[in-house]
Amino acid sequence: MFKLSVTLLSLALFAAAAPSPRAACGQGRVTAHAACCIWFDVLDDIQENLFDGAECGEEVHESLRLTFHDAIGFSPKLTRQGKFGGGGADGSVIAHSEIETAFHANNGIDEIVDAQRPFAIKHGVSFGDFIQFAGAVGVSNCAGAPRLEFLAGRSNISRPSPDLLVPEPFDSVDKIIARMGDAGFSPNEIVDLLASHSIAAQDNVDPTIPGTPFDSTPSSFDSNFFVETLLVGNLVPGNGINEGEVQSPIAGEFRLQSDALLARDGRTACEWQSFITDHARMQSKFRAVMAKMAVLGQVRSRLTDCSDIIPVPMNPLAKSASLPAGKTMQDIQAACKATPFPTLTADPGPATTIPAVPAS
Ligand code: HEM
Ligand SMILES: *[C@@H]1O[C@H](CO)[C@@H](O)[C@H](O)[C@H]1NC(C)=O
């Protein structure tokens with residue numbers, strides 16, 4: 001018994017003292033596993049040629065959306081009914097794009113699918129890995145973002161996802177909670193995932209105003225999205241109210257019906273509000289839920305941790321939470337019963353408006 005404990009102790013000491021394994025990848029770059037070296041090449045290539053020089057722009061936003069639309073094709077409920085439930089984060093949205101891009105909820109996803117495919121093929125990495133990698137790298141380009149986990153090793157072989165697994169902006173909260181719950185996410189985790197809409201815009205709900213963002217700062221992973229979605233909506237951008245759209249509070253801003261409802265529903269409102277004055281929490285919750293989403297349908301322990309390839313996000317946020325200029329606390333529709341809404345002051349200057357992005 002004593003001998004065993006001594007052995008265990010020395011093992012533990014050895015493990016603590018041993019340097020973590022490093023693999024040299026050339027150009028002075030090191031990573032934890034030799035198998036990860038390939039991702040440095042992919043990183044250089046996509047930062048330059050997909051993300052226009054490490055921007056937090058349209059391709060980053062679309063790449064982040066794609067991580068979700070690939071992964072959420074995963075339904076234990078369908079599996080229990082004896083049907084194919086989808087392979088989760090398996091790259092099927094690229095491998096079987098002729099089927100999946102035709103799904104209504106995947107409207108517009110074809111652009112980023114076509115943009116990403118040649119990079120994955122060129123570097124010989126699986127579509128499933130590439131989608132999650134591009135999302136994690138892309139997020140690292142956005143001010144205030146957390147450094148996301150990236151695990152490599154997903155099979156390149158997939159079957160097309162069944163239709164109707166991707167939530168629609170016109171779905172009820174009940175329906176969204178049920179669908180996301182089927183895939184393994186709690187109501188709070190839906191909110192955590194929706195931190196993504198802080199770096200997001202719409203192109204297709206109202207196709208007359210492509211690039212209209214969901215908050216006033218779509219290149220910053222900040223809490224403005226969680227504040228602005230709670231403001232009274234009284235404006236209609238574009239061509240009128242489309243299916244899945246509701247009135248927005250700021251000229252040049254777009255509000256999804258689903259975001260408006262989740263911000264105000266008793267099951268999700270407190271998590272929503274919690275991010276407004278706690279940016280560290282918004283980062284850590286997003287990191288955790290993205291790590292969970294990225295391995296839907298995968299066996300986590302069979303993947304290799306290549307997280308150290310993901311750049312450390314460099315740009316801190318310019319400022320803490322505030323109200324857009326021209327708004328007051330009276331415009332806030334607080335919905336969390338458990339916690340009072342934080343007192344925010346408005347930015348100085350004339351009422352915030354968001355300039356239209358030039359069509360690309
Ligand atoms: C309740 C679930 C969700 C619904 C109903 C929803 C709906 C939408 C809709 C309708 C758009 C606009 C698409 C377009 O017109 O081009 C959009 C954009 C976006 N979504 Fe979601 N979404 C949900 C969850 C998520 C999640 C979980 C993520 C990622 C983790 C995500 C990331 C994005 C991003 C980054 C964009 C912006 C794309 C761009 O700017 O091109 N969404 N979402
Ligand atoms: C993945 O599959 C596609 C066909 O869907 C193929 O073009 C590509 O080369 C494959 N990639 C790898 C790494 O096997």
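**Exercise 1.** In this predicted model, find which residue places a polar side-chain atom 2.3 Å from an oxygen atom of ligand 2. Then describe the surroundings of ligand 2.

*Solution.*
- Start with the polar atom. It belongs to the side chain of Asn 156, 2.3 Å from a ligand 2 oxygen.
- Next, check coverage. Ligand 2 alone has 360 Å² of accessible area, and the protein covers 51% of it.
- List the shell. Ile 121, Gly 124, Val 125, Phe 127 and Asn 156 surround ligand 2.
- Sort by class. The shell holds 3 nonpolar and 2 polar residues, with no charged ones.

**Exercise 2.** Identify the backbone atoms that make polar contacts with ligand 1 oxygen atoms, among them one at 2.7 Å. Then classify the shell around ligand 1.

*Solution.*
- Take the 2.7 Å contact. The polar backbone atom is from Asn 204.
- Add Ala 201, with a polar backbone atom 3.0 Å from a ligand 1 oxygen.
- Add Asp 203, whose polar backbone atom also lies 3.0 Å from a ligand 1 oxygen.
- Widen the view. Ligand 1 has 24 residues around it; Ser 196 and His 197 are among the nearest.
- Assign elements. Helix α3 gives 5 residues, the largest share. Strand β4 (201-202) supplies at least two.
- Count classes: 14 nonpolar, 6 polar and 4 charged.

**Exercise 3.** How are α3 and α14 oriented to each other, parallel or oblique?

*Solution.*
- Locate the helices: α3 spans residues 58-71, α14 residues 279-293.
- Read the geometry. Their axes come within 10 Å and cross at roughly 45 degrees.
- Conclude. The two helices are therefore oblique to each other.
- Name the contact. Leu 64, Thr 67, Phe 68 and Ala 71 of α3 meet Phe 286, Met 290 and Met 293 of α14.
- Classify this contact: 6 nonpolar residues, 1 polar, no charged.

Definitions and conventions
Residues are numbered from 1 along each chain as its sequence is written. Chains are lettered from A and ligands numbered from 1 in the order in which they are written. This is a predicted model: local features need pLDDT of at least 70, side-chain atom pairs count only at pLDDT 80 or more; totals for chains, interfaces and linings use all residues. Side-chain values use heavy atoms; hydrogens and water are left out. A residue is near a molecule or strand if one of its heavy atoms lies within 4 Å of it. A polar contact is a pair of N or O atoms within 3.5 Å; within protein, one must be able to donate a hydrogen and the other to accept it, and residues adjacent in sequence count only if both atoms are side-chain atoms. Accessible areas come from the Shrake-Rupley method with a 1.4 Å probe; for residues, only the protein chains shown count as cover. Ala, Val, Leu, Ile, Met, Phe, Trp, Tyr, Cys and Pro count as nonpolar, Asp, Glu, Lys and Arg as charged, and the others, Gly among them, as polar. Axes are lines fitted to C-alpha atoms, for helices over the stretch in contact, and angles run from 0 to 180 degrees between N-to-C directions. Helices (H or I, at least four residues) and strands (E, at least two) are DSSP runs, numbered from the N terminus. Angles under 35 degrees count as roughly parallel, over 145 as roughly antiparallel, 65 to 115 as roughly perpendicular and the rest as oblique. Contact means heavy atoms within 4.5 Å.
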